[in-house]
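This report looks at how selected residues pack in a predicted model. The sequence and structure are shown here.

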Amino acid sequence: MDTTSKRSVPGAQSVARAAQLLRLVTSGGDNGMPVAELARRAGLTRPTTHRLLTALRHEGLVDQDERTGRWMPGPELYLMGTVAASRYDITAVARDIVRSLAVRTEESAFLSVRRGDETVCLLREEGSFPIRSFVLSEGVRFPLGVASAGLAILSFLPPHDVDAYFERHPGLPLEWGVAHSEQRLRTRLRDTQERGYAVNPGLIVEGSYGIGAAVFTREGHPQWALSLTGVEFRFGPDRLPELGRTLLAHAHQLTTRIAASR
């Protein structure tokens, strides 16, 4: 990211702060997020955060629940999203594949998209197994390399892009734990490349496992990922290879479908 050019453009800092708040608000999903949490995550003072949110609300980009005071996405975001969907949204072509993955495995299945250095969950389909993991839902973001979807995407980026990612994010182990140090992540990247799918052995929430497989553009770039999450004993060594094969088959099917539709 070119921070020098950002500083040289008048108003760029305010735009960047507002955009960051919009991303944080949408990550809160239907429950929204309180201003104190938004300020903490954005690294802003509470008055600055409230001022920016008030301006965004005036434009209809965010809204505030009068009862709880939590901030959530506004109606203008929906209208903008419907226009952008024709270019960026693949949920229409992916929904039945995500549903099939959930039915076949009985675990919760997801579709995520790469957005810069993060993944954003687009679709969630519940599995039939009664014990579930709720780490991931629509709108939730994780840095690449943290959840299984992001790890799968990062594993198949060109080496120079992976190197640049680690240079930009030296603080991953401080925020997400020592398991996300560059050395340990690079080991998991190699394992993912060899296996074909990524494994998250309860590194975000203890006991909540996930596996992810990259989905590629027509040009061969990893842009999306399918993933499964569930409780630890459902992802044991006796069942994991079968889950992985099923996941990879669905990811290949979606990759093929995307190439044919674009």
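Leu 247, once its neighbours within four places in sequence are set aside, is in contact with Leu 101, Tyr 197, Ile 211, Gly 212, Ala 213, Leu 226, Ser 227 and Leu 228. Leu 247 is also among the members of the largest nonpolar core, a set of 27 residues, that touch the most other members, together with Leu 111, Ile 211, Leu 226, Leu 228 and Leu 254. Each element in the following table gives two or more residues to this core.

| Element | Residues |
|---|---|
| helix 6 | 91–105 |
| strand 3 | 108–115 |
| strand 4 | 118–125 |
| strand 7 | 208–216 |
| strand 8 | 222–231 |
| helix 11 | 240–261 |

The largest share, six residues, comes from helix 11. A second, separate core has 23 residues, including Val 140, Phe 142, Ala 147 and Leu 157.

In the loop between strand 7 and strand 8 lies Thr 217, which counts as buried because its relative accessibility is 17%, under the 20% cut-off. Residues up to four places away in sequence not being counted, Thr 217 touches Gln 223 and Trp 224.

Turning to helix 3, which spans residues 35–42, the buried residues are Val 35, Leu 38, Ala 39 and Ala 42. These residues lie on the same side of helix 3, because they cover an arc of only 100° around the axis. The buried residues of helix 3 pack against helix 2 (12–27), helix 4 (46–58) and strand 2 (71–73), while Gly 43, just after helix 3, takes a positive phi of about 70°.

Key
Residues are numbered from 1 along each chain as its sequence is written. This is a predicted model: local features need pLDDT of at least 70, side-chain atom pairs count only at pLDDT 80 or more; totals for chains, interfaces and linings use all residues. Side-chain values use heavy atoms; hydrogens and water are left out. A nonpolar core is a set of buried Ala, Val, Leu, Ile, Met, Phe, Trp, Tyr and Cys residues joined through side-chain atoms within 4.5 Å. Buried means under 20% relative accessible area, exposed over 50%, partly exposed in between (1.4 Å probe, protein chains only). Helices (H or I, at least four residues) and strands (E, at least two) are DSSP runs, numbered from the N terminus. Contact means heavy atoms within 4.5 Å. The arc is that of the directions from the helix axis to the C-beta atoms.
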